[in-house]
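Here is a short tour of a protein chain for anyone who likes to check numbers against coordinates. Have your viewer ready, and let's begin with a question.

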Amino acid sequence: MRELTLVFQHTDFYVMDKPAGAPMHANAQEPSVVHQLAEQLQEQLWPVHRLDTPTSGALLVARNAAAAAELSQLFAEREISKTYLAIAAGRPKKKQGWVVGDMDKARRGSWRLLHSTTNPARTYFNSQSLLPGYRYYTLHPSTGKTHQLRVALKSLGVPIVGDQRYGGEANPHLHLHAWQLAFAFRGEKIIAKAPLPNYGLFAELATKDALAN
């Protein structure tokens with residue numbers, strides 16, 4: 001079983017650096033990543049949100065039931081600020097702004113973005129050049145819909161590198177990383193960051209001074 005890393009420790013919760021490929025739900029090959037961490041630390045843990053299996057980065061887990069309820073409520077009330085980083089090939093329809101629209105189920109577990117806004121997914125983003133033909137995107141979702149960020153970038157004409165489900169450039173890894181969580185917990189301001197993975201184009205992104213702070 002893989003060794004998991006903590007990036008923030010608190011008496012009531014941890015923030016772990018979830019590896020790409022680690023599942024939130026147990027499968028035939030391995031248990032859930034929260035169960036793996038509980039086994040590693042030898043204590044009971046409670047999941048309070050989720051990341052897609054191929055997504056890496058900051059994952060918050062509670063250390064007791066009371067904290068789990070409070071943290072889950074903070075997510076439900078959108079009081080936890082989430083920042084993701086993604087890399088995509090090509091030129092987007094726009095370089096910054098909002099992507100807003102309802103999410104609709106498509107075929108084989110995929111989703112698509114609609115122009116309607118009855119119950120929309122909302123993502124603010126900006127982007128910068130990384131390498132010739134590639135840009136990196138800083139993504140700030142204010143909602144938490146399934147595949148929201150992956151569909152948002154597809155809607156801009158730049159599916160994420162490694163996201164073959166949505167037409168992204170072929171790569172062994174989905175280049176989507178949950179970089180930072182920021183929130184207030186019982187009067188304490190929390191900012192937790194997960195370092196970028198050291199594979200693929202993320203290795204190039206890690207050298208950018210803009211991500212140093």
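Which residues in H3 are buried? They are Gln148, Leu149, Arg150, Val151, Ala152 and Leu153, where buried means under 20% relative accessible area, exposed over 50% and partly exposed in between, with a 1.4 Å probe and protein chains only.

This is a predicted model, in which local features need pLDDT of at least 70, side-chain atom pairs count only at pLDDT 80 or more, and totals for chains, interfaces and linings use all residues. Residues are numbered from 1 along each chain as its sequence is written, and side-chain values use heavy atoms, with hydrogens and water left out.

**The chain as a whole**

- The chain holds four helices and twelve strands; these are DSSP runs numbered from the N terminus, with helices (H or I) of at least four residues and strands (E) of at least two.
- The radius of gyration is 17 Å, which agrees with the value near 17 Å for a compact globule of 213 residues; the radius is taken over C-alpha atoms, and the globule rule is 2.2 Å times the number of residues to the power 0.38.
- Along the principal axes, the C-alpha atoms fill a box of roughly 45 × 40 × 40 Å.
- Of the 213 residues, 48% are buried.
- Contact means heavy atoms within 4.5 Å. Among contacts between residues at least 6 apart in sequence, 60% join residues at least 24 apart.
- Carbon and sulfur atoms account for 48% of an accessible surface of about 10700 Å², computed by the Shrake-Rupley method with a 1.4 Å probe.

**The annotated span**

- An unreviewed UniProt entry annotates residues 12–154 as "domain: Pseudouridine synthase RsuA/RluA-like"; such annotations may be inferred rather than shown by experiment.
- That span is 20% helix and 38% strand, and its end C-alpha atoms lie 37 Å apart.

**Two helices and what follows them**

- Helix H3 covers residues 148–155 and is mostly covered, with six of its eight residues buried.
- Just after H3 comes Gly157, with a positive phi of about 85 degrees.
- Helix H1 (residues 33–41) has Val33, Val34, Gln36, Leu37 and Ala38 as its buried residues.
- The buried residues of H1 pack against four strands: E1 (5–9), E2 (13–18), E3 (46–47) and E4 (56–62).
- Gln42 follows H1 and also has a positive phi, near 60 degrees.

**Strand E11**

- Gln180 sits in strand E11, which runs over residues 176–185.
- Gln180 counts as buried because its relative accessibility is 17%.
- Beyond residues up to four places away in sequence, Gln180 touches Ser81, Lys82, Thr83, Ile191, Ala192 and Lys193.
- Ala184 belongs to E11 too, and its 49% relative accessibility makes Ala184 partly exposed.
- Leaving aside neighbours within four places in sequence, Ala184 is in contact with Leu74 and Lys189.
- The C-alpha atoms of Ala184 and Glu79 are separated by 8.0 Å, although these residues are 105 apart along the chain.

**A loop lysine**

- Lys94 lies in the loop between strand E5 (81–89) and strand E6 (96–101).
- With 35% relative accessibility, Lys94 counts as partly exposed.
- Lys94 touches Phe125 and Leu156, not counting residues up to four places away in sequence.
- From Lys94 to Asn126 the C-alpha distance is 9.0 Å, with their positions 32 residues apart in sequence.
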